[in-house]
Amino acid sequence: MNGLRIGIVGAGVVGACCALRLSQAGHQVTLIDPEPPGGPHAPSHGNGGWISPASVIPMSTPGLWRKIPGYLLDPLGPLTLRWTSLPGLLPWLLAFLRAGSTLGRVRATSIALHELLHDAPERHQVLAAEAEASELIHHNGLLYAYPDRAAMEADALSWQLRRERGVQWEVLEGDALRAKVPSLSPRYQCGAWVPDGAWCANPGEYVHRLVRAAERLGAQRLVAQVHQLHLEGGRCTGVDTSQGRLWLDRVVIAAGIGSPRLARQLGDALPMASERGYHVVLPQASVHLPLPVMPSDGRMANTPTTQGLRLAGQVELAHPDAPPNWTRAEVLLAHAKNTYPVLQQPEQLQGMTRWMGHRPSTPDGLPVIGPSPRCDGVWYACGHGHVGLASAPRTADWIEQGLQASVS
């Protein structure tokens, strides 16, 4: 097994973790991406930074179809759809609704997500030490905030599934909640603190350092676009890139929303859509958050980062080439002003920046990890949706173990 030439297409957090893990196993790794690792082109750069064992709830759950019209008609809602993209998205949307149509299906998805996520904080602490990035990973929990206990009980299915998976939390109310997060508006009177949760204070920088760690072990970076998988006799033997052909023994496709294009060359269909997410960063905000918060009415991650307070979230279903709808960033800001009253002061918003990225999401919320069923030599590590950062270390381990088994 040692010494295989392995090309990894995509230098996001999943590709970076795969590069580091496979380099540690002694392989000749080439990480291929036209953009710098951790750059703003990738969802790894702009996500909420959560590394949560509680993220075992898929987006699609029983009865969701009844709520979707209301979501789509609510300009401040967490979900929106570009109607011009509907024809192309319709098959994905129907599969999405089917994936959450029964409790049995949702429970099976939560079990699978638990396998990816249950020890994610510990795995990231190990990775961060190896990448000389320990100061970026914090393991002091995550907080889900609700206006009152009744609002939390409305999420009973989610908390039931978390309990079944062994997730632990502590309910905080009134003064106890305020002591945990002093800046939180009094309108929030109940919260669930998940002490085993962790978070990353700068996801883009973290990805950059993971790649540097892989390079110290011998991995190479190729700044190029992959145009074509090179096939010989039903096997992938390399990739044709904007810098020429690269001969390889194995190819790992971790190209996010760009992965289906490469899969189609093999006859593989990856049911993936872009759940476009947005963030706003407030570098001057005087909001004291000792840990990240997710307000139930905003459904967004409020995370303290090295750049400032990051407000990340929203789901916009649209074609990947459609221009950003920056109204979605304004929605995040409006929710934040209600969550932290101090943000209603204009000076708190000085230096504000905004970002949009593409979550590569499958209908059932489960990533595509494993070998191509149609072509030897190609492995997939993509479609991680909302859990890319948290699930990347386990994904990398599974890829390395699968490659080992395939040649044993």
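Here is a walk through three helix contacts and one pocket in this structure. Keep in mind as you look around that the model is predicted.

Let's start with helix α13, which covers residues 388-407. One of its partners is helix α1, residues 13-24, and the two axes lie 8 Å apart. The angle between α1 and α13 is about 40 degrees. Angles under 35 degrees would count as roughly parallel, and 65 to 115 as roughly perpendicular, so α1 and α13 are called oblique to each other. Their crossing is right-handed. If you want to find the contact on screen, pick out Val13, Val14, Cys17, Cys18, Arg21 and Leu22 on the α1 side. Across from them, α13 brings in residues including Gly388, Leu389, Ala392, Pro393 and Asp397, with Leu403 also among them. Sorted by class, the residues of this contact come out as eleven nonpolar, two polar and three charged.

Now stay on α13 and look for helix α6, residues 120-130. The axes of α6 and α13 come within 9 Å and cross at roughly 75 degrees. That angle falls in the 65 to 115 range, so this pair is roughly perpendicular. From α6, the residues to click on are Ala120, Arg123, His124 and Leu127. They meet Leu389, Ala390, Pro393, Arg394 and Asp397 of α13. This contact holds five nonpolar residues, one polar and three charged. You've seen some of these names already: Leu389, Pro393 and Asp397 of α13 take part in the contact with α1 and in the contact with α6.

Next up is another pair, helix α5 (residues 103-117) and helix α8 (residues 156-164). Their axes come within 10 Å, with a crossing of roughly 50 degrees. α5 and α8 are therefore oblique to each other, and the crossing is right-handed. On the α5 side you'll find Leu103, Val106, Arg107 and Ser110, while α8 offers Leu157, Gln160, Leu161 and Glu164. The class count here is four nonpolar, two polar and two charged residues.

Finally, let's turn from packed helices to empty space. Rolling a probe the size of a water molecule over the atoms shows where such space is left. The second largest pocket holds about 490 Å³. It's lined by 21 residues, and the closest to its centre are Ile257, Arg264, Met272, His319 and Pro320, so to speak your landmarks for finding it. Which elements give two or more residues to the lining? They are α4 (86-99), α11 (259-264) and β15 (273-282). The largest share, four residues, comes from α4. As for the make-up of the lining, there are twelve nonpolar, five polar and four charged residues.

Note on methods:
Residues are numbered from 1 along each chain as its sequence is written. This is a predicted model: local features need pLDDT of at least 70, side-chain atom pairs count only at pLDDT 80 or more; totals for chains, interfaces and linings use all residues. Side-chain values use heavy atoms; hydrogens and water are left out. On a 1 Å grid over the protein atoms alone, a cavity is a set of points where a 1.4 Å probe fits but cannot get out, and a pocket is an open set with protein on both sides within 12 Å along at least five of seven lines; lining residues have an atom within 4 Å of a point. Grid points are joined across faces, edges and corners, and a volume is the space filled by probe spheres set on the points. Ala, Val, Leu, Ile, Met, Phe, Trp, Tyr, Cys and Pro count as nonpolar, Asp, Glu, Lys and Arg as charged, and the others, Gly among them, as polar. Axes are lines fitted to C-alpha atoms, for helices over the stretch in contact, and angles run from 0 to 180 degrees between N-to-C directions. Angles under 35 degrees count as roughly parallel, over 145 as roughly antiparallel, 65 to 115 as roughly perpendicular and the rest as oblique. A crossing is left-handed if the near helix is turned anticlockwise from the far one by less than a right angle, and right-handed if clockwise. Contact means heavy atoms within 4.5 Å.
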